[in-house]
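Notebook open, two things to look up today: how the chains meet, and what the record marks. Structure goes in here before I start.

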Amino acid sequence: MRHLIDPSDLSVQEVDELLNLADRIAKDPKRYSEVCKGKKLATLFYEPSTRTRLSFEAAMLNLGGSVLGFASADSSSAAKGESVADTIRVISCYADICAMRHPKEGAPMVASRFSKIPVINAGDGGHQHPTQTLTDLMTIRSIKGRLGGLTIGLCGDLKFGRTVHSLIKSLSRYEGIRFVLISPGELRVPDYIVGEVLRAKGIPYEEVEDLETVIGKLDILYMTRVQRERFFNEEDYIRLKDSYILTAHKMQGAKPDMAVLHPLPRVNEIAVEVDDDPRAAYFTQAQNGVYVRMALIMKLLEVGEC
Amino acid sequence: MRHLIDPSDLSVQEVDELLNLADRIAKDPKRYSEVCKGKKLATLFYEPSTRTRLSFEAAMLNLGGSVLGFASADSSSAAKGESVADTIRVISCYADICAMRHPKEGAPMVASRFSKIPVINAGDGGHQHPTQTLTDLMTIRSIKGRLGGLTIGLCGDLKFGRTVHSLIKSLSRYEGIRFVLISPGELRVPDYIVGEVLRAKGIPYEEVEDLETVIGKLDILYMTRVQRERFFNEEDYIRLKDSYILTAHKMQGAKPDMAVLHPLPRVNEIAVEVDDDPRAAYFTQAQNGVYVRMALIMKLLEVGEC
Amino acid sequence: MRHLIDPSDLSVQEVDELLNLADRIAKDPKRYSEVCKGKKLATLFYEPSTRTRLSFEAAMLNLGGSVLGFASADSSSAAKGESVADTIRVISCYADICAMRHPKEGAPMVASRFSKIPVINAGDGGHQHPTQTLTDLMTIRSIKGRLGGLTIGLCGDLKFGRTVHSLIKSLSRYEGIRFVLISPGELRVPDYIVGEVLRAKGIPYEEVEDLETVIGKLDILYMTRVQRERFFNEEDYIRLKDSYILTAHKMQGAKPDMAVLHPLPRVNEIAVEVDDDPRAAYFTQAQNGVYVRMALIMKLLEVGEC
């Protein structure tokens, strides 16, 4: 039995196969509308996350399966002091597969060790969020036709953003990737990722503070939110905040085929005027999130296509 | 693509057609049990409302579709500062139609402008609640055989009750309607409705403080709750409160074929002894709420009857 | 129409038939996967209980039916002061059967009097929890092949544990049952149960304070949690707490075919090392909880087997 806890649980080849399946689903969703009939997905959200939860639920319903679960820890037995190990053993009696979001890093990993059903990590603290990474990869690949040979700009809070860390690690497995890391000094990619991933593998990267000066060389611009409270001092925040807001004006300096991604929800880091730009891919990304989760559920349940 | 934000979004003819469909569903629900197979309803309840939410969910399940969503804003991305416009664009990727309840007036209208799927207003602040109005109309029509030529009594809090305002506006579109508006002085129908709707259209109405003296001339009595905290002073409350409680005794003065409606939940404004009176129609109304929502979902999804 | 409010609502023969059906379901669940197609279960949880709620939902989904409801009172109309009688009359319009958990004892009983659909008590305060009792009976019977002629040890908090009280009453209806009641003095089985059930029916029982000295004679050991705050003084708690924790060491003194049950969630009253003992039956019990609820839903909806 397979689980998905860390994006690297899947080999490059397995990711390729999964994205191929997701592409086939996107082209003809009706064909898959009954493949999980009679199967149940448990959504165990110890921390609320409407978007991720609903994306999983939509995926399972699209496959003809059904859904049960909880949307926050208040209404769960965790409040009574039950361990994750016990919970998952009981949930294994209720469902065929589960997606777990947990504020504690490593909780889905622990669950997977005691589970009789496949466990999907739907985000554990600041740690991993592998289905977001798969969504990002699918979106890049479907727009660019490939995952290698691309210059990827990552912009905003690169220190605390787990989606950014997972994406760097995953893209590092492809040939010809270059990273442009755009963030204030306080919010740079942590050393252990720069050192263990980028330098260790000899992947070209540069770190800059300003989006506008580098936007012209990017194939992909991955935006994330910069929160005021992350800054060490107010002065820096005021000086830098506008550098990390993508506007129609800044888009003028970008390649005509650059794609803008964002894991959403977005607050103000992408001006709404950019939504109408054909290069804005973040709502397509949300749609891809459903397809890639459909593919993942099929893979982990070992459900055939026909 | 059509939405339902305000009761007047539907023409008189469209309301008729919708109620005809709802009647056909009520007579033979089994015939419609698969017409929405493979379709998904998102229930986006930024404000809890069990009754309305479950009524929508029952409607979609009765049509063979499925449901996803959230029951309160705590577990939604709204907490992270996302705009309604962004939320609906993402939800458009997850579902085929949505019902939105929001504490802020106008939120469903904004959503409908950015949505790729039909949006149903399931109540926005003190503003509109069009599916309640359709439920009321269906109930009146099914009991009386028509929507025109009726004397309609509205009793209780006529100032803040949005169901009352919507019902007045909707019934004003039919011939031969007369209103008897029964409320304490503090809780009378607002001037803009009396002026712009009733007087502008020359619709006969009277405003009274006492239910008992007028109950004998009513074809329909629509009860609503009078909350103590709405009164300006305790003295008025004590003096008037019993006037707005419907009892078996007061029912003796009513026509033998008058029907009592109430949007529910009821607290004490209808004595439980009235429940056994054949003229009590408020639980039938709850049942009609499911049928009318089934018809509405079918209409907005452009699903045929076969 | 039948409801299940109290375990004794079912005769011994009906329990037998229900457990027979549950056994058949356990052997061939696929055969029952569509028997409730088009039926809806409402889960009305005025008090959160993930395990019980999900068990009911899994049961209904396994039968091909669908589910709607609420997981806590916050998001229900109870907050607006609606009576249980009104709520159930409205829910009767939305669903075909309902499971109600309520903090107030007797609420499901009241609901059943006004309901047009079968009501299952899913736990009312400290009162009854009949589907847990059925789960316990199914587990004992499936392991031992019978419900009579057994020595049943009940260990832990026997004063406040409603599952224990219901189980004593239910097992008292079978021949040749003996009880060994293992608890601290403060947490003994209440007099009204010892007197009205055990002594009145002449059922052999003994009350002891120590698990280890009696474990050797038990066919079934039913563990429950002992909460520190239930003790009158700290001294007693420290002296006694280890007596009510089941360990691998204590299991060495038990019969080779004794079965350990626990209603779950477990905190620390069964050491995790016991989980690997083949006599540990508490996770099997969780699985049986789904089968027995499937059987119960079928029975109350009068759904045939084919």
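Started with a salt bridge across the interface: Arg266(A) pairs with Asp86(B), and I get 2.6 Å between the closest N and O atoms. Note to self that this is a predicted model. I then tallied the salt bridges between chain B and chain A, and the count is 4.

Next I asked which elements of chain B give two or more residues to the side that touches chain A. My list has β2 (66-70) and α3 (84-94) of chain B. Of the elements, α3(B) gives the most to that side, with 6 residues. I also sorted the side of chain B that touches chain A by class: 7 residues are nonpolar, 6 are polar and 7 are charged.

Then the totals. I find 20 residues of chain B in contact with 22 residues of chain A. The area buried between the two chains comes to about 1,900 Å², and carbon and sulfur atoms give 55% of it. For polar contacts between chain B and chain A, I have 7 residue pairs, with both residues at pLDDT 80 or more.

Last, I went to the record. UniProt, in an unreviewed entry, puts the feature "binding site" at Lys80(A), Arg162(A) and Arg225(A). I followed up on Arg225(A) and found its place in the loop between β8 (220-223) and α8 (234-240) of chain A. Is Arg225(A) buried, partly exposed or exposed? I put Arg225(A) down as partly exposed because its relative accessibility is 33%, and that class runs between the 20% and 50% cut-offs.

Conventions:
Residues numbered from 1 in each chain as written. Chains lettered and ligands numbered in written order. Predicted model: local features only at pLDDT ≥ 70, side-chain atom pairs only at ≥ 80, totals over all residues. Heavy atoms only, no water. Contact = heavy atoms within 4.5 Å. Buried area = accessible area lost by both parts, 1.4 Å probe. Salt bridge = Lys/Arg side-chain N within 4 Å of Asp/Glu carboxyl O. Polar contact = N/O pair within 3.5 Å; in protein donor to acceptor, adjacent residues only side chain to side chain. Helix = DSSP H or I, 4+ residues; strand = E, 2+ residues; numbered from the N terminus. Nonpolar A, V, L, I, M, F, W, Y, C, P; charged D, E, K, R; others polar. UniProt positions renumbered as here; feature names shortened; annotations may be inferred. Buried < 20%, exposed > 50% of the residue type's maximum accessible area, 1.4 Å probe, protein only.
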